[in-house]
Amino acid sequence: MRKHLPLIGIVLLSLLVACPLVSAGNGEVNLYSARKEKLIKPLLDRFTQQTGIQVNLVTGKADALLQRLQSEGRNSPADLLITTDAGRLHRALQAGVIQPVQSELLSSIIPHAFRDPQGHWYGLSLRARPILYVKGKVEPHELSSYEALADPQWQGRICIRSSNNIYNQSLVASMIAANGEETTQVWAEGLVKNLARPPKGGDRDQIKGAAAGVCDLAVANTYYLAGMLKSKDAGQRAAAEKLAVFWPNQSGRGAHVNVSGAAVTAAAKNRDNAVKLIEFLAGKAAQQWYAEANGEFPVRGDVEADELLRSWGDFKMDTLSLSKLGELNPDALRLMDRAGWK
Ligand code: FE
(Lines give C-alpha, C1' and ligand atoms only; values in the text may rest on other atoms or scores of the structure.)
Protein backbone atom coordinates (compact mmCIF):
# COMPACT_ATOMS: atom_id res chain seq x y z
CA MET A 1 0.00 0.00 0.00
CA ARG A 2 2.69 2.35 1.11
CA LYS A 3 4.37 2.66 -2.27
CA HIS A 4 1.07 3.83 -3.86
CA LEU A 5 0.70 6.83 -1.59
CA PRO A 6 2.87 9.22 -3.60
CA LEU A 7 0.88 8.36 -6.74
CA ILE A 8 -2.43 9.04 -4.98
CA GLY A 9 -0.93 12.28 -3.77
CA ILE A 10 -0.04 13.34 -7.29
CA VAL A 11 -3.49 12.45 -8.60
CA LEU A 12 -5.17 14.44 -5.84
CA LEU A 13 -2.89 17.40 -6.39
CA SER A 14 -3.43 17.47 -10.12
CA LEU A 15 -7.21 17.27 -9.56
CA LEU A 16 -7.06 20.24 -7.22
CA VAL A 17 -4.99 22.24 -9.69
CA ALA A 18 -7.21 21.32 -12.61
CA CYS A 19 -10.43 22.31 -10.87
CA PRO A 20 -10.89 25.86 -9.67
CA LEU A 21 -12.84 26.22 -6.43
CA VAL A 22 -16.02 27.18 -8.26
CA SER A 23 -16.41 23.76 -9.78
CA ALA A 24 -15.16 21.68 -6.89
CA GLY A 25 -17.88 19.13 -7.56
CA ASN A 26 -20.63 20.94 -5.69
CA GLY A 27 -22.60 21.58 -8.82
CA GLU A 28 -24.44 24.64 -9.91
CA VAL A 29 -27.66 26.57 -9.59
CA ASN A 30 -29.43 28.46 -12.35
CA LEU A 31 -30.99 31.72 -11.25
CA TYR A 32 -33.56 33.88 -13.03
CA SER A 33 -33.40 37.26 -11.34
CA ALA A 34 -35.53 40.35 -11.73
CA ARG A 35 -32.90 42.14 -9.67
CA LYS A 36 -30.28 43.89 -11.74
CA GLU A 37 -26.93 42.12 -11.97
CA LYS A 38 -24.99 44.73 -9.98
CA LEU A 39 -27.53 44.46 -7.16
CA ILE A 40 -27.04 40.74 -6.68
CA LYS A 41 -23.85 39.53 -8.38
CA PRO A 42 -21.43 40.36 -5.52
CA LEU A 43 -23.52 38.22 -3.18
CA LEU A 44 -23.67 35.35 -5.64
CA ASP A 45 -19.89 35.45 -5.95
CA ARG A 46 -19.56 35.24 -2.19
CA PHE A 47 -21.97 32.28 -2.16
CA THR A 48 -19.82 30.50 -4.74
CA GLN A 49 -16.66 31.19 -2.74
CA GLN A 50 -18.24 29.75 0.39
CA THR A 51 -19.95 26.72 -1.08
CA GLY A 52 -18.22 25.90 -4.36
CA ILE A 53 -21.64 26.03 -6.05
CA GLN A 54 -21.53 27.84 -9.38
CA VAL A 55 -24.36 30.33 -9.95
CA ASN A 56 -25.50 30.93 -13.52
CA LEU A 57 -27.35 34.21 -13.57
CA VAL A 58 -29.99 35.36 -16.03
CA THR A 59 -31.46 38.79 -15.34
CA GLY A 60 -34.58 40.28 -16.88
CA LYS A 61 -37.78 42.19 -16.21
CA ALA A 62 -40.00 40.52 -13.63
CA ASP A 63 -42.99 39.87 -15.89
CA ALA A 64 -40.78 38.72 -18.78
CA LEU A 65 -39.00 36.19 -16.56
CA LEU A 66 -42.31 34.79 -15.37
CA GLN A 67 -43.50 34.45 -18.97
CA ARG A 68 -40.24 32.75 -19.88
CA LEU A 69 -40.66 30.23 -17.05
CA GLN A 70 -44.18 29.51 -18.25
CA SER A 71 -43.18 28.96 -21.86
CA GLU A 72 -40.18 26.82 -20.94
CA GLY A 73 -42.31 24.71 -18.65
CA ARG A 74 -40.67 21.49 -17.48
CA ASN A 75 -37.68 22.12 -19.75
CA SER A 76 -36.76 25.34 -18.02
CA PRO A 77 -33.11 25.41 -16.98
CA ALA A 78 -33.99 27.71 -14.08
CA ASP A 79 -33.79 26.40 -10.51
CA LEU A 80 -34.56 29.61 -8.69
CA LEU A 81 -36.60 32.75 -9.37
CA ILE A 82 -35.89 36.01 -7.59
CA THR A 83 -38.49 38.69 -8.17
CA THR A 84 -40.24 41.60 -6.54
CA ASP A 85 -43.70 41.87 -5.02
CA ALA A 86 -45.70 39.17 -3.29
CA GLY A 87 -48.39 39.66 -5.94
CA ARG A 88 -45.95 38.50 -8.60
CA LEU A 89 -44.69 35.59 -6.53
CA HIS A 90 -48.32 34.56 -6.17
CA ARG A 91 -48.78 34.75 -9.95
CA ALA A 92 -45.80 32.42 -10.32
CA LEU A 93 -47.45 30.05 -7.86
CA GLN A 94 -50.74 30.10 -9.77
CA ALA A 95 -48.91 29.60 -13.06
CA GLY A 96 -47.48 26.40 -11.59
CA VAL A 97 -43.86 27.39 -12.23
CA ILE A 98 -42.66 27.25 -8.60
CA GLN A 99 -42.67 24.49 -5.98
CA PRO A 100 -42.87 24.49 -2.20
CA VAL A 101 -39.75 23.83 -0.16
CA GLN A 102 -39.51 23.33 3.57
CA SER A 103 -36.52 24.78 5.35
CA GLU A 104 -36.39 24.95 9.14
CA LEU A 105 -33.77 27.64 8.84
CA LEU A 106 -35.89 29.86 6.57
CA SER A 107 -39.03 29.33 8.65
CA SER A 108 -37.18 30.38 11.77
CA ILE A 109 -35.50 33.45 10.22
CA ILE A 110 -38.20 34.92 8.01
CA PRO A 111 -41.32 36.24 9.75
CA HIS A 112 -44.50 34.36 8.93
CA ALA A 113 -46.17 37.27 7.11
CA PHE A 114 -43.29 37.56 4.67
CA ARG A 115 -43.26 34.03 3.27
CA ASP A 116 -45.80 31.76 1.66
CA PRO A 117 -47.49 29.57 4.29
CA GLN A 118 -46.78 26.46 2.16
CA GLY A 119 -43.17 27.45 1.45
CA HIS A 120 -43.64 28.34 -2.24
CA TRP A 121 -41.73 31.60 -1.79
CA TYR A 122 -39.68 33.40 0.82
CA GLY A 123 -39.32 37.17 1.24
CA LEU A 124 -35.70 38.35 1.24
CA SER A 125 -36.10 42.09 1.69
CA LEU A 126 -38.87 44.53 2.51
CA ARG A 127 -40.05 47.61 0.74
CA ALA A 128 -42.54 49.97 2.33
CA ARG A 129 -45.02 52.14 0.42
CA PRO A 130 -45.54 55.22 2.56
CA ILE A 131 -47.06 58.61 1.77
CA LEU A 132 -44.47 61.24 0.80
CA TYR A 133 -45.32 64.90 1.34
CA VAL A 134 -43.77 68.11 0.10
CA LYS A 135 -42.10 69.83 3.02
CA GLY A 136 -43.54 73.28 3.66
CA LYS A 137 -46.74 72.54 1.73
CA VAL A 138 -48.10 69.79 3.95
CA GLU A 139 -47.70 69.39 7.70
CA PRO A 140 -47.38 65.80 8.91
CA HIS A 141 -50.25 66.34 11.39
CA GLU A 142 -52.58 66.75 8.38
CA LEU A 143 -51.86 63.15 7.40
CA SER A 144 -53.02 59.95 9.04
CA SER A 145 -53.80 56.96 6.85
CA TYR A 146 -54.11 55.65 3.29
CA GLU A 147 -57.86 55.80 3.87
CA ALA A 148 -57.69 59.57 4.52
CA LEU A 149 -56.16 60.17 1.08
CA ALA A 150 -59.75 60.07 -0.20
CA ASP A 151 -60.74 63.08 1.94
CA PRO A 152 -61.82 66.20 -0.02
CA GLN A 153 -58.95 68.27 1.49
CA TRP A 154 -56.60 66.50 -0.93
CA GLN A 155 -58.54 67.32 -4.06
CA GLY A 156 -56.12 67.77 -6.98
CA ARG A 157 -53.10 67.25 -4.71
CA ILE A 158 -52.06 63.59 -5.04
CA CYS A 159 -49.67 61.87 -7.47
CA ILE A 160 -49.81 58.08 -7.78
CA ARG A 161 -48.95 55.76 -10.65
CA SER A 162 -51.45 53.75 -12.67
CA SER A 163 -53.53 50.80 -11.56
CA ASN A 164 -51.76 48.44 -13.95
CA ASN A 165 -48.81 48.48 -11.60
CA ILE A 166 -48.49 45.60 -9.14
CA TYR A 167 -47.41 47.86 -6.25
CA ASN A 168 -50.71 49.71 -6.26
CA GLN A 169 -52.63 46.49 -6.80
CA SER A 170 -50.96 45.05 -3.71
CA LEU A 171 -51.67 48.21 -1.70
CA VAL A 172 -55.35 48.05 -2.67
CA ALA A 173 -55.42 44.31 -1.91
CA SER A 174 -54.13 45.09 1.60
CA MET A 175 -56.94 47.61 2.03
CA ILE A 176 -59.55 45.10 0.87
CA ALA A 177 -58.15 42.69 3.48
CA ALA A 178 -58.42 45.38 6.18
CA ASN A 179 -61.64 47.18 5.27
CA GLY A 180 -63.58 44.97 2.88
CA GLU A 181 -64.34 45.45 -0.78
CA GLU A 182 -67.25 47.90 -0.55
CA THR A 183 -65.42 50.37 1.68
CA THR A 184 -62.31 50.12 -0.46
CA GLN A 185 -64.36 50.75 -3.61
CA VAL A 186 -65.68 54.02 -2.17
CA TRP A 187 -62.14 54.90 -1.08
CA ALA A 188 -60.67 54.29 -4.54
CA GLU A 189 -63.32 56.52 -6.11
CA GLY A 190 -62.43 59.27 -3.63
CA LEU A 191 -58.72 58.86 -4.30
CA VAL A 192 -59.20 59.08 -8.07
CA LYS A 193 -61.08 62.38 -7.55
CA ASN A 194 -58.09 63.72 -5.63
CA LEU A 195 -55.45 62.98 -8.26
CA ALA A 196 -53.50 65.97 -9.52
CA ARG A 197 -53.21 64.39 -12.98
CA PRO A 198 -54.09 61.16 -14.74
CA PRO A 199 -51.60 58.53 -13.52
CA LYS A 200 -48.44 58.35 -15.56
CA GLY A 201 -44.87 57.16 -15.09
CA GLY A 202 -43.33 55.11 -12.31
CA ASP A 203 -42.84 55.82 -8.62
CA ARG A 204 -39.88 58.11 -9.30
CA ASP A 205 -42.08 60.22 -11.57
CA GLN A 206 -44.55 60.73 -8.75
CA ILE A 207 -41.73 62.01 -6.53
CA LYS A 208 -40.51 64.29 -9.34
CA GLY A 209 -44.06 65.52 -9.92
CA ALA A 210 -44.45 66.46 -6.28
CA ALA A 211 -41.05 68.18 -6.26
CA ALA A 212 -42.02 70.12 -9.40
CA GLY A 213 -45.24 71.40 -7.79
CA VAL A 214 -47.69 69.18 -9.71
CA CYS A 215 -48.97 67.67 -6.46
CA ASP A 216 -48.36 67.89 -2.71
CA LEU A 217 -48.44 64.17 -1.90
CA ALA A 218 -46.95 61.16 -3.67
CA VAL A 219 -47.26 57.46 -2.95
CA ALA A 220 -44.05 55.60 -3.70
CA ASN A 221 -41.88 52.72 -2.54
CA THR A 222 -39.13 53.70 -0.14
CA TYR A 223 -36.22 52.45 -2.27
CA TYR A 224 -37.07 54.92 -5.04
CA LEU A 225 -36.75 57.79 -2.59
CA ALA A 226 -33.52 56.28 -1.22
CA GLY A 227 -32.18 55.80 -4.75
CA MET A 228 -32.91 59.42 -5.65
CA LEU A 229 -31.41 60.75 -2.42
CA LYS A 230 -28.23 58.77 -3.09
CA SER A 231 -28.20 59.53 -6.82
CA LYS A 232 -25.17 60.95 -8.60
CA ASP A 233 -27.61 63.19 -10.46
CA ALA A 234 -27.96 66.48 -8.58
CA GLY A 235 -31.42 67.07 -10.05
CA GLN A 236 -32.73 63.78 -8.65
CA ARG A 237 -31.25 64.51 -5.24
CA ALA A 238 -32.72 68.01 -5.18
CA ALA A 239 -36.18 66.69 -6.12
CA ALA A 240 -36.13 63.94 -3.47
CA GLU A 241 -34.93 66.34 -0.80
CA LYS A 242 -38.12 68.37 -1.15
CA LEU A 243 -40.12 65.43 0.18
CA ALA A 244 -40.44 63.74 3.55
CA VAL A 245 -41.74 60.32 4.55
CA PHE A 246 -45.01 59.95 6.41
CA TRP A 247 -45.71 56.50 7.83
CA PRO A 248 -49.48 55.98 7.55
CA ASN A 249 -51.85 53.90 9.68
CA GLN A 250 -49.53 53.90 12.69
CA SER A 251 -52.41 53.81 15.15
CA GLY A 252 -53.95 50.89 13.26
CA ARG A 253 -52.59 48.06 11.13
CA GLY A 254 -49.35 49.84 10.11
CA ALA A 255 -47.82 50.97 6.83
CA HIS A 256 -48.11 48.75 3.76
CA VAL A 257 -45.01 46.67 3.09
CA ASN A 258 -44.13 44.19 0.40
CA VAL A 259 -41.20 41.91 -0.35
CA SER A 260 -38.74 40.95 -2.94
CA GLY A 261 -38.39 37.22 -2.64
CA ALA A 262 -37.17 33.92 -3.98
CA ALA A 263 -38.90 30.74 -5.11
CA VAL A 264 -37.59 27.37 -6.26
CA THR A 265 -38.90 26.61 -9.74
CA ALA A 266 -41.11 23.61 -10.44
CA ALA A 267 -38.58 22.42 -13.03
CA ALA A 268 -35.55 22.76 -10.74
CA LYS A 269 -32.85 20.16 -11.37
CA ASN A 270 -30.60 21.62 -8.68
CA ARG A 271 -33.24 21.94 -5.99
CA ASP A 272 -30.94 21.50 -2.99
CA ASN A 273 -28.52 24.11 -4.28
CA ALA A 274 -31.42 26.48 -4.89
CA VAL A 275 -32.53 26.11 -1.26
CA LYS A 276 -28.95 26.64 -0.11
CA LEU A 277 -28.82 29.88 -2.07
CA ILE A 278 -32.07 31.18 -0.51
CA GLU A 279 -30.71 30.26 2.92
CA PHE A 280 -27.48 32.09 2.15
CA LEU A 281 -29.40 35.20 1.04
CA ALA A 282 -31.38 35.10 4.29
CA GLY A 283 -28.16 34.96 6.34
CA LYS A 284 -27.17 37.95 8.45
CA ALA A 285 -24.24 39.22 6.39
CA ALA A 286 -26.06 38.77 3.09
CA GLN A 287 -29.17 40.47 4.45
CA GLN A 288 -27.27 43.56 5.39
CA TRP A 289 -25.61 43.90 1.99
CA TYR A 290 -28.66 42.89 -0.03
CA ALA A 291 -31.06 45.26 1.69
CA GLU A 292 -28.59 48.13 1.55
CA ALA A 293 -27.70 47.66 -2.12
CA ASN A 294 -31.39 47.68 -3.00
CA GLY A 295 -32.40 50.50 -0.67
CA GLU A 296 -34.75 48.10 1.11
CA PHE A 297 -35.26 46.92 4.66
CA PRO A 298 -33.80 43.58 5.78
CA VAL A 299 -36.51 40.93 6.09
CA ARG A 300 -35.14 39.76 9.44
CA GLY A 301 -35.63 41.90 12.52
CA ASP A 302 -32.15 41.27 13.92
CA VAL A 303 -30.38 43.06 11.05
CA GLU A 304 -30.39 46.86 11.06
CA ALA A 305 -31.53 48.85 8.05
CA ASP A 306 -29.08 51.27 6.53
CA GLU A 307 -28.63 54.73 7.99
CA LEU A 308 -30.74 56.65 5.48
CA LEU A 309 -33.71 54.33 5.93
CA ARG A 310 -33.38 54.52 9.70
CA SER A 311 -33.41 58.34 9.45
CA TRP A 312 -37.06 58.12 8.39
CA GLY A 313 -37.91 56.81 11.84
CA ASP A 314 -39.20 53.56 13.26
CA PHE A 315 -42.56 52.56 11.99
CA LYS A 316 -45.18 49.92 12.43
CA MET A 317 -45.58 47.57 9.47
CA ASP A 318 -48.81 45.95 8.39
CA THR A 319 -48.27 42.28 9.25
CA LEU A 320 -50.98 40.97 6.96
CA SER A 321 -49.74 37.71 5.46
CA LEU A 322 -48.48 38.81 2.05
CA SER A 323 -49.87 35.72 0.37
CA LYS A 324 -53.24 37.48 0.83
CA LEU A 325 -52.07 40.22 -1.55
CA GLY A 326 -51.83 37.66 -4.31
CA GLU A 327 -55.15 36.04 -3.48
CA LEU A 328 -56.94 39.41 -3.48
CA ASN A 329 -55.15 40.73 -6.57
CA PRO A 330 -58.00 40.01 -9.03
CA ASP A 331 -60.49 41.75 -6.70
CA ALA A 332 -58.14 44.74 -6.39
CA LEU A 333 -57.78 44.99 -10.17
CA ARG A 334 -61.53 44.93 -10.78
CA LEU A 335 -62.13 47.46 -8.03
CA MET A 336 -59.54 49.91 -9.36
CA ASP A 337 -60.95 49.58 -12.84
CA ARG A 338 -64.48 50.31 -11.63
CA ALA A 339 -63.20 53.36 -9.75
CA GLY A 340 -61.75 54.78 -12.96
CA TRP A 341 -58.16 54.49 -11.70
CA LYS A 342 -56.36 54.61 -15.04
FE1 FE B 1 -39.73 48.94 -8.21
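Trainee: Is Glu 142 buried, partly exposed or exposed?
Mentor: In this predicted model, Glu 142 sits in the loop between strand E6 (131-134) and E7. Its relative accessibility is 26%. Buried would require under 20% and exposed over 50%, so Glu 142 counts as partly exposed.

Trainee: Which residues does Glu 142 contact, leaving aside its neighbours within four places in sequence?
Mentor: The side chain of Glu 142 reaches the backbone nitrogen of Glu 139 at 2.6 Å, but Glu 139 falls among those neighbours left aside. With such neighbours set apart, the contacts of Glu 142 are Lys 137, Gln 153 and Trp 154.

Trainee: How far is the C-alpha atom of Glu 142 from that of Leu 69?
Mentor: Along the chain, Glu 142 and Leu 69 are 73 residues apart. In space, the separation of their C-alpha atoms is 46 Å.

Trainee: What is the mean pLDDT of the chain, and where is the pLDDT below 50?
Mentor: The mean pLDDT is 92, with 93% of residues at 70 or more. Residues 1-5 fall below 50 and have zero contacts beyond near neighbours in sequence. A further stretch below 50, with eight such contacts, is residues 7-24.

Trainee: How many salt bridges does the structure hold, and which residues are linked in a network?
Mentor: As a rule, side chains of opposite charge can pair when their charged atoms come close. The structure holds 18 salt bridges. A network of salt bridges links Arg 35, Arg 127 and Glu 296.

Trainee: Asp 203 forms a salt bridge with Arg 161; how many residues apart are the two?
Mentor: The closest N and O atoms of Asp 203 and Arg 161 are 3.1 Å apart. Asp 203 belongs to helix H8 (residues 203-211), while Arg 161 is in the loop between strand E7 (158-159) and helix H6 (166-179). The pair thus links distant parts of the chain, and the spacing is 42 residues.

Trainee: Are Asp 203 and Arg 161 buried or exposed?
Mentor: Asp 203 has a relative accessible area of 1%, and Arg 161 stands at 14%. The limit for buried is under 20%, so Asp 203 and Arg 161 both count as buried.

Trainee: Which helices are tied together by the pair Arg 338 and Glu 181?
Mentor: The side chains of Arg 338 and Glu 181 meet in a salt bridge, 3.3 Å from N to O. The pair ties together parts that are 157 residues apart in sequence, because its members lie in helix H15 (residues 329-338) and helix H7 (residues 181-193).

Trainee: In which helix do Asp 331 and Arg 334 lie?
Mentor: The side chains of Asp 331 and Arg 334 form a salt bridge at 2.6 Å, N to O. Arg 334 is partly exposed, at 45% relative accessible area. The two residues are three apart, about one turn of the helix, and that helix is H15.

Trainee: How large is the area buried between domain 1 and domain 2?
Mentor: The domain assignment gives domain 1 as 7-126 + 258-307 and domain 2 as 128-255 + 318-338. Their C-alpha centres lie 30 Å apart, and 20 residues of domain 1 are in contact with 19 residues of domain 2. Carbon and sulfur atoms give 59% of the buried area, which is about 1,400 Å².

Trainee: Which residues of domain 1 lose the most area to domain 2?
Mentor: Three residues together account for 27% of what the domain 1 side buries. They are His 90, Arg 91 and Ala 113.

Trainee: Which element gives the most residues to the side of domain 1 that touches domain 2?
Mentor: Across the interface of domain 1 and domain 2 there are five residue pairs in polar contact. On the domain 1 side, the elements that give two or more residues are helix H4 (86-94) and strand E10 (257-265). With five residues, the element that gives the most is H4.

Trainee: What is the phi of Asp 85, and what is that of Asn 249?
Mentor: Asp 85, in the loop between strand E3 (80-84) and H4, is buried at 1% relative accessible area. Asn 249, in the loop between strand E9 (243-246) and E10, is buried at 8%. Neither Asp 85 nor Asn 249 is a glycine, yet phi is positive in both: about 80° for Asp 85 and, for Asn 249, about 60°.

Methods
Residues are numbered from 1 along each chain as its sequence is written. Side-chain values use heavy atoms; hydrogens and water are left out. pLDDT is the predictor's confidence in each residue, from 0 to 100. Contact means heavy atoms within 4.5 Å. A salt bridge is a side-chain nitrogen of Lys or Arg within 4 Å of a carboxyl oxygen of Asp or Glu. Helices (H or I, at least four residues) and strands (E, at least two) are DSSP runs, numbered from the N terminus. Buried means under 20% relative accessible area, exposed over 50%, partly exposed in between (1.4 Å probe, protein chains only). Domain bounds come from an automatic or database domain assignment. Buried area is the accessible area (1.4 Å probe) that two parts lose on being put together, summed over both. A polar contact is a pair of N or O atoms within 3.5 Å; within protein, one must be able to donate a hydrogen and the other to accept it, and residues adjacent in sequence count only if both atoms are side-chain atoms.
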